Amino acid sequence: MRKESLDILRNISLVEVMRANGYEPVRLPKGDGRVLYLCPFHDDHDASFSVDQRAKDGADAPGWGCFGCGRKGYGAVALQAALLGCDY
């Protein structure tokens, strides 16, 4: 894959992926860049699903994950696949 294509995929907003799938933030960032949602993967009442717009810890893409059910990953493509129930 060309570098330009990888850069485009890395820059897709996780917040936009969540919004496009009908999920709205429960809590907006307080300076740490994380946006909290009700988890789309289990019955959640505590906003335990977090998306982070910044890549950290050597990752190539920003991370997302749930503190409740443990589902997690990196990048918008993997998030969209998980929301659709597809393996990526």
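Okay, let's start with a single side chain: Arg19 is partly exposed, at 37% relative accessible area. For the burial words, buried is under 20% relative accessible area, exposed is over 50%, and partly exposed is in between, with a 1.4 Å probe and protein chains only. Before going on, a caveat: this is a predicted model, so local features need pLDDT of at least 70, side-chain atom pairs count only at pLDDT 80 or more, and totals for chains, interfaces and linings use all residues. Residues are numbered from 1 along each chain as its sequence is written, and side-chain values use heavy atoms, with hydrogens and water left out.

Back to Arg19. What does its side chain meet in a salt bridge? That would be Glu16, at 2.6 Å, N to O. The rule here is a side-chain nitrogen of Lys or Arg within 4 Å of a carboxyl oxygen of Asp or Glu, and by that rule the count comes to one salt bridge. Glu16 is partly exposed too, at 43% relative accessibility. The two sit three residues apart in helix α2, residues 14–20, so about one helical turn separates them. In general, an α-helix has 3.6 residues a turn, so residues three or four places apart point the same way.

Just ahead of that helix, Ser13 is in the loop between α1 (3–10) and α2. Ser13 counts as buried, at 19% relative accessibility. A polar atom of the Ser13 side chain lies 3.1 Å from the backbone nitrogen of Glu16. That's a polar contact: a pair of N or O atoms within 3.5 Å, where within protein one must be able to donate a hydrogen and the other to accept it, and residues adjacent in sequence count only if both atoms are side-chain atoms.

Now the whole chain. There are three helices and four strands, in the order α-α-β-β-β-β-α. Those are DSSP runs, numbered from the N terminus: helices are H or I with at least four residues, strands are E with at least two. Of the 88 residues, 35% are buried. The accessible surface comes to about 5,700 Å², with 52% of that belonging to carbon and sulfur atoms; this is Shrake-Rupley with a 1.4 Å probe, and for residues only the protein chains shown count as cover. Contact means heavy atoms within 4.5 Å, and among contacts with a separation of 6 or more, 29% are between residues 24 or more positions apart.

On to the inside. Which residues touch the most other members of the largest nonpolar core? Out of 16 residues, they are Leu14, Met18, Tyr37, Phe49, Val51, Trp64 and Leu79. α2, β1, β2, β3 (63–66) and α3 (76–84) each supply at least two residues of this core, and α3 gives the most, with five. A core here is a set of buried Ala, Val, Leu, Ile, Met, Phe, Trp, Tyr and Cys residues joined through side-chain atoms within 4.5 Å.

Sticking with α3, its buried residues are Ala76, Ala78, Leu79, Ala81, Ala82 and Leu83. Their cover includes α2, β2, β3 and β4 (72–74). After α3 comes Gly85, with a positive phi near 80 degrees.

From α2, have a look at Val15, which is buried at 14% relative accessible area. Setting aside neighbours within four places in sequence, Val15 is in contact with Val35, Tyr37, Val51 and Gln53.

Last stop, the loop between β1 (34–37) and β2 (49–52), where Leu38 is found. Leu38 is partly exposed at 39%. Not counting residues up to four places away in sequence, Leu38 touches Val26, Asp44, His45, Asp46, Ala47 and Phe49.

Asp44 is in the loop between β1 and β2 as well. Asp44 is buried yet has no salt bridge, and the nearest side chain of opposite charge, Arg27, is 8.4 Å away. For charge, Lys and Arg count as positive, Asp and Glu as negative, and His and the chain ends are not counted. What does the side chain of Asp44 reach at 2.9 Å? The backbone nitrogen of Asp46. There's also a 2.8 Å polar contact between the side chains of Asp44 and Ser48.

Finally, Ala47, in the loop between β1 and β2, is buried at 6% relative accessibility. Its phi is positive, near 55 degrees, in a residue other than glycine. Most residues other than glycine have a negative phi.
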